[in-house]
Amino acid sequence: MEKNKLVWKNKKWKELSQKEMHDIYALRAQVFVVEQNCVYQDIDNKDSKAIHVYGVSKKKIIAYSRCFKQGDYFNETSFGRAVVVKKERGKGIGDELVKQTIKVMKANWPDQKIKISAQAHLSGFYKKHGFITKGEKYLEDGIPHIGMCSKP
């Protein structure tokens with residue numbers, strides 16, 4: 001898949017169709033629950049507060065993240081649930097997802113520091129996008145994570 005064949009969208013909760021939300025939940029469950037063998041409560045009552053950023057190819061959502069204003073997840077603006085469907089990884093789509101997510105966040109909440117809870121093995125990936133580690137590693141749903149922040 002070429003990156004330029006992706007169509008990037010961002011929508012608030014009320015703007016998402018039932019099919020879009022179903023496809024987002026299905027992608028998140030496939031990766032975070034099934035692939036990572038992690039039983040956790042994905043539907044956490046925060047989706048209604050988020051801006052959902054996603055990449056569509058051939059009518060399928062293949063990349064996704066959700067963004068939050070200050071106070072809706074952390075004290076800082078934040079994003080999470082960043083995911084790319086397995087068969088499309090290694091093609092630069094994750095980089096494009098982070099760039100699109102940051103673009104949406106800067107448009108909605110300019111000059112704000114972004115805080116994320118990154119899976120620890122992905123800290124190098126996020127460092128490429130200007131994030132720095134903050135604090136020690138910790139377990140979140142049984143998976144090692146680390147706090148990371150951007151500069152405003």
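**Exercise 1.** Find how many bridges join S6 to S7 and in which sense these strands run.

Solution. Step 1: S6 and S7 run antiparallel and are joined by six bridges. Two strands count as paired if DSSP finds at least two bridges between them. Helices (H or I, at least four residues) and strands (E, at least two) are DSSP runs, numbered from the N terminus. This is a predicted model, in which local features need pLDDT of at least 70 and side-chain atom pairs count only at pLDDT 80 or more, while totals for chains, interfaces and linings use all residues. Residues are numbered from 1 along each chain as its sequence is written, and side-chain values use heavy atoms, with hydrogens and water left out.

Step 2: Lys134 stands opposite Gly147 in S7.

Step 3: In the hairpin of S6 and S7, two residues lie between the strands, and Asp141 takes a positive phi near 55°.

**Exercise 2.** State which residues of S5 have bridge partners in S7, and how well S7 is covered.

Solution. Step 1: S5 and S7 (residues 143–149) run antiparallel, with five bridges between them.

Step 2: Among the partners, Ser117 is matched with Gly147 in S7, and Gln119 with His145.

Step 3: S7 is mostly covered, since six of its seven residues are buried, where buried means under 20% relative accessible area, exposed over 50%, and partly exposed in between (1.4 Å probe, protein chains only).

**Exercise 3.** Follow the chain from S4 to S5 and give the handedness of the crossover.

Solution. Step 1: S4 (residues 77–84) and S5 (residues 114–119) pair in the parallel sense over two bridges. The bridge partner of Ser78 in S5 is Lys115.

Step 2: Between these strands the chain passes through helix H2 (residues 93–108), and this β-α-β crossover is right-handed. The term applies if, with the strands pointing away from the viewer, the path from the first strand over the helix to the second runs clockwise.

**Exercise 4.** Work out which parts of the chain are linked by the salt bridges of Asp42, Arg66 and Lys128.

Solution. Step 1: A search of the whole structure finds 11 salt bridges, each a side-chain nitrogen of Lys or Arg within 4 Å of a carboxyl oxygen of Asp or Glu.

Step 2: Asp42 pairs with Arg28, the closest N and O atoms being 3.1 Å apart. Asp42 sits in the loop between helix H1 (18–35) and strand S2 (51–57) and Arg28 in helix H1, 14 residues apart. Both are buried, Asp42 with a relative accessible area of 8% and Arg28 with 0%.

Step 3: Arg66 pairs with Asp47, with the closest N and O atoms 2.9 Å apart. Arg66 is in strand S3 (residues 60–68) and Asp47 in the loop between H1 and S2, 19 residues apart. Arg66 is buried at 1%, as is Asp47 at 2%.

Step 4: Lys128 pairs with Asp95, the closest N and O atoms being 3.4 Å apart. Lys128 lies in the loop between helix H3 (123–127) and strand S6 (132–140) and Asp95 in helix H2, so the pair ties together parts 33 residues apart in sequence. Lys128 is exposed, with a relative accessible area of 58%.

Step 5: Arg28, Asp42, Asp44, Asp47, Arg66 and Arg81 are linked in a network of salt bridges.
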